[in-house]
Amino acid sequence: MTDDLGIQVIGLIGTALFFLSYQCKSNKNLFRVQFLSYLCYTMHLLLLGAVTGGISYILNTARSFCLGSKLEFAHSRTACAILCTLQVLALAVTWSGWISLLPVAANIASTIGGYTHNARKIRVAGMFINSPLWIIYDILVGSWAGILDEVISECSMILSIVRYGWKNLDEIHS
């Protein structure tokens with residue numbers, strides 16, 4: 001039981017970081033904070049034995065590194081296509097039934113949303129595709145921290161819309 005609690009605590013640290021990420025007005029800072037969150041979630045899910053989710057979070061970490069970096073290529077459509085292709089390859093390698101589709105579909109939607117470099121589209125992808133699919137996956141793999149993360153993320157995205165205004169989020173911020 002202590003091990004299970006420790007695994008959930010690692011996930012809770014990721015939850016706190018992810019909540020904080022949506023309070024960053026700059027997309028670059030949002031992705032940098034999410035990078036740290038994803039590292040926690042990678043470890044959390046792998047320790048739970050949720051391999052597809054854990055590998056997907058490794059790719060999320062790479063995505064956040066790219067989108068938070070100053071490298072021009074890392075912000076390109078080619079980088080987006082590479083990351084989405086790697087998600088599909090991760091799905092093929094870690095396939096454990098239909099449940100494996102959930103984190104991969106969620107992450108592809110978030111990757112495409114992130115590569116629009118549009119704060120509104122990033123939040124739409126998060127609120128209506130990413131979080132709902134991850135909640136289902138987290139329930140099925142027993143990630144209580146993951147469920148909490150997605151609920152808090154939804155609240156954080158709504159709070160960011162209230163703080164910055166829906167119209168203001170349509171601007172592209174690097």
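In this predicted model, the backbone oxygen of W166 lies 3.2 Å from a polar atom of the R120 side chain. R120 is part of helix α6. Beyond residues up to four places away in sequence, R120 touches W166, K167, L169 and D170. The C-alpha atom of R120 is also separated by 8.4 Å from that of I161, and these positions lie 41 residues apart along the chain as a sequence separation. The backbone nitrogen of R120 takes part in a further pairing. A side-chain oxygen of N118 lies 3.0 Å from this nitrogen, and N118 thereby caps the N-terminal end of α6.

The residue H117 belongs to the loop between α5 and α6. Its phi is near 60°, a positive value in a residue other than glycine. H117 counts as partly exposed, because its relative accessibility is 21% and the buried class is limited to values under 20%. A positive phi is also found just after α6, where G142 takes a value of about 80°.

Helix α6 covers residues 119–141 and bends by about 40° at G126. G126 is itself one of the buried residues of the helix. The other buried residues of α6 are A119, I122, R123, A125, M127, N130, S131, W134, Y137 and D138. The spacing within this set can be read against helix geometry. An α-helix has 3.6 residues a turn, so residues three or four places apart point the same way. The buried residues of α6 pack against four helices: α2 (27–48), α3 (51–68), α5 (101–114) and α7 (144–164).

Two residues of α7 illustrate the packing. E150 lies in this helix. E150 counts as buried because its relative accessibility is 2%, under the 20% limit. Leaving out residues up to four places away in sequence, E150 touches Y57, N130, S131, W134, I135 and D138. Of these partners, N130, S131, W134 and D138 appear among the buried residues of α6. E150 and M127 are 23 residues apart in sequence, with a C-alpha to C-alpha separation of 9.0 Å. M127 is likewise listed among the buried residues of α6.

S153 is the second α7 residue considered here. S153 is buried, since its relative accessible area is 1%. Its contacts outside the four-place sequence window are F18 and S131. S131 therefore touches both S153 and E150, and is itself buried in α6.

F18 recurs in the surroundings of helix α2. S37 is found in that helix. S37 is buried, because its relative accessible area is 1%. With residues up to four places away in sequence set aside, S37 touches G14, L17 and F18. F18 is thus a contact of S37 and of S153.

A nonpolar patch lies on the surface. The patch is formed by L5, V9, L12, I13 and L148, with about 410 Å² of accessible area together. Helix α1 (residues 2–21) supplies the largest share, four residues. V9 is placed in α1. V9 counts as partly exposed because its relative accessibility is 38%, which lies between the 20% and 50% limits. I13 is also found in α1. I13 is partly exposed as well, given a relative accessibility of 46%. Along the chain, I13 and K167 are 154 residues apart, and their C-alpha atoms are 31 Å apart in space. K167 is one of the residues touched by R120.

Helix α3 offers one further position. A62 is found in this helix. A62 is partly exposed, because its relative accessible area is 30%. A62 and L83 are 21 residues apart in sequence, and their C-alpha atoms are 8.1 Å apart in space.

Key:
Residues numbered from 1 in each chain as written. Predicted model: local features only at pLDDT ≥ 70, side-chain atom pairs only at ≥ 80, totals over all residues. Heavy atoms only, no water. Patch = residues over 30% accessible without salt bridge, like charges linked within 9 Å, V, L, I, M, F, W, Y side chains within 5 Å. Areas by Shrake-Rupley, 256 points an atom, 1.4 Å probe, with all protein chains shown as cover. Salt bridge = Lys/Arg side-chain N within 4 Å of Asp/Glu carboxyl O. Helix = DSSP H or I, 4+ residues; strand = E, 2+ residues; numbered from the N terminus. Buried < 20%, exposed > 50% of the residue type's maximum accessible area, 1.4 Å probe, protein only. Bend = angle between axes of the 7 residues up to and from the residue. Contact = heavy atoms within 4.5 Å. Polar contact = N/O pair within 3.5 Å; in protein donor to acceptor, adjacent residues only side chain to side chain.
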